[in-house]
Amino acid sequence: MEKSKNTSKKWSMIIILSSITSALAGFLFGYDTVVISGAELKIQALWNLSPQLHGFVTASALYGTVVGALIGIWPANHFGRKITLLIIALIYVVSSLGTAFAPEVYSFVFMRFLGGLAIGASTVVAPLYIAEISPPQYRGRLAGMFQLNVVLSMVIAYIANSLIAGMGEHDWRWMLGMAAIPSIIYTICCLFIPESPRWLISIKNNTTEATSVLKRFYPTETPEQIENIVATIKNETQSKSSNEKFWSWRLHLPIFLAILIALFNQASGINAVLYFAPRIFELTGLGEKAALLQSIGVGVTFLIFTAVGVALIDRLGRKTLLYIGGVGYVISLALIAWGFAYQYYVIIPPCIFLFIASHAIGQGTVIWVLISEIFPNQFRAQGQAVGSFTHWLCAAVITTVFPSLVTNFSPSYVFMFFCFMMIIQLFWIKYMVVETKGIPLEEVQKKLGII
């Protein structure tokens, strides 16, 4: 939560605990996304699925994320950030248990789609809640915990799948049902977090409850200092007409920023590499077993460099991390394309790891943080939804077409395209991205020229 320049910047542990709780939505997001990889072949055999229906079943959660990113703004604005996070947690519980006990394929698809709704909504609500309660000097690290949880849970899901596999014909049900445990823990934790003071002021005009929450956040502050914080938020909210629409020229810069960071995130090819890593490694001549081991290495690399990115984001800044990751993208993708073009396959596996590290420390860490920072208080949920929707729509398209692309075209052309997009991204970073490190949210709006 931002403070005026006269405050002492002493804040309570409740901010950290509330941020950690909200970031747990990322853990469920990552686990739910990856856990299907250990179950999809047995599901196909059990229900005798055609290749087309098998693909639809596997991707059903991804379709839900696109819808969830769109509809997540409504409860976030009408019922509050806390209630929406609680609803998301309950949906995760229902989805994990529903997929584990699904008697046939169509109920399974419905439950996976339901889980996708929660994933899409969580990428809207969790980062914006953390951004709204965080002190500016730690906002990047606290909001970055969402992405760190996503990657951590992916690694845990891979490990859990490998441990459960072989426990019997219903082992896949255990893989999916295990997600209920962290989902229940998350649900309980959500009961105890406070509502966002910014939502209380900017959406509900409830300064009394907001003041009460702020006193819990900053117990050493004087009543005058708390009043200054409330006044700052209220002034920013009331600086423009309450009848103003989200889709307006005033907000064109943050809207373009949100759309383009999400577009470039997926135009790097990250989802294609993550979802089809074994296939890519096999294209280099590695055997199936070696390819799977390399894939585990990808997950570990992703986790390590995400942690590095989270540790550095408030020190180096969002723009600097995007530059570091962007340069790494171009180098790694160019070398991968060259390796495939000239059949110099030995260079490809280490370049895949460089690519993953570049994504993790740059785009992977920055995307949800930056989107949550660049919109005015009354439009933050809509802005987060636009970024999330763009991200998931591009993810769905690229994940769907990638297998066909590498089948019908040389992989070198595919990775050359990704490299070209990342060169364009470097110009976007230079000329359009605004640094938000350590700046109160209300001052970010001034820097963007929208208040």
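## Cavities

There are three cavities of 30 Å³ or more in this structure, which is a predicted model. How big is the largest cavity? Its volume comes to about 220 Å³.

Eighteen residues would be a lot to list, so here are the ones to click on: of the 18 residues lining the largest cavity, Phe29, Gln147, Met154, Asn271 and His391 lie nearest its centre. Several helices chip in, with α1 (13–35), α7 (139–164), α13 (252–267), α14 (270–275), α19 and α20 each giving at least two residues to the lining. Helix α14 provides the largest share, four residues. What kinds of residues make up this lining? There are 10 nonpolar and eight polar ones, and no charged ones.

## Salt bridges across the chain

Now for the charged pairs. Side chains of opposite charge can pair when their charged atoms come close. The structure has eight salt bridges.

One of them joins Lys42 and Asp171, with 2.7 Å between the closest N and O atoms. These two come from distant parts of the chain: Lys42 belongs to helix α2 (residues 40–46) and Asp171 to helix α8 (residues 171–177), 129 residues apart. Are the two partners buried or exposed? Lys42 counts as partly exposed because its relative accessibility is 35%. Asp171, on the other hand, has a relative accessible area of 1%, so it is buried.

## Arg380 and Glu132

Another salt bridge brings together the side chains of Arg380 and Glu132, at 3.2 Å from N to O. Arg380 sits in helix α20 (residues 380–408) and Glu132 in helix α6 (residues 105–133), so this pair ties together parts of the chain that are 248 residues apart in sequence. Both Arg380 and Glu132 are buried. Helix α20, then, turns up twice in this picture: Arg380 lies in it, and it supplies at least two residues to the lining of the largest cavity.

## A salt-bridge network

Arg318 and Glu373 also meet through their side chains in a salt bridge, this one at 2.5 Å from N to O. Which helices does the pair connect? Arg318 is in helix α17 (residues 318–341) and Glu373 in helix α19 (residues 363–373), so parts that are 55 residues apart in sequence are tied together. Arg318 counts as buried because its relative accessibility is 0%, and Glu373 is buried too, with a relative accessible area of 0%.

This pair has company. Arg139, Arg141, Asp314, Arg318 and Glu373 are joined into one network by salt bridges that share partners.

## Helix α21

Helix α21 covers residues 411–431, 21 residues in total. From its first C-alpha to its last, α21 reaches 31 Å, close to the 30 Å expected at 1.5 Å a residue.

Which residues of α21 are buried? They are Pro411, Ser412, Val414, Phe415, Phe418, Cys419, Met421, Met422, Gln425, Trp428 and Ile429.

## Thr208 in helix α11

Last stop: Thr208, found in helix α11 (residues 207–217). Why does Thr208 count as exposed? Its relative accessibility is 63%, and the cut-off for exposed is over 50%. Pro197 is 11 residues from Thr208 along the chain, and the C-alpha atoms of the two are separated by 9.8 Å.

Methods: Residues are numbered from 1 along each chain as its sequence is written. This is a predicted model: local features need pLDDT of at least 70, side-chain atom pairs count only at pLDDT 80 or more; totals for chains, interfaces and linings use all residues. Side-chain values use heavy atoms; hydrogens and water are left out. The expected span of a helix is 1.5 Å times one less than its number of residues. Buried means under 20% relative accessible area, exposed over 50%, partly exposed in between (1.4 Å probe, protein chains only). A salt bridge is a side-chain nitrogen of Lys or Arg within 4 Å of a carboxyl oxygen of Asp or Glu. On a 1 Å grid over the protein atoms alone, a cavity is a set of points where a 1.4 Å probe fits but cannot get out, and a pocket is an open set with protein on both sides within 12 Å along at least five of seven lines; lining residues have an atom within 4 Å of a point. Grid points are joined across faces, edges and corners, and a volume is the space filled by probe spheres set on the points. Ala, Val, Leu, Ile, Met, Phe, Trp, Tyr, Cys and Pro count as nonpolar, Asp, Glu, Lys and Arg as charged, and the others, Gly among them, as polar.
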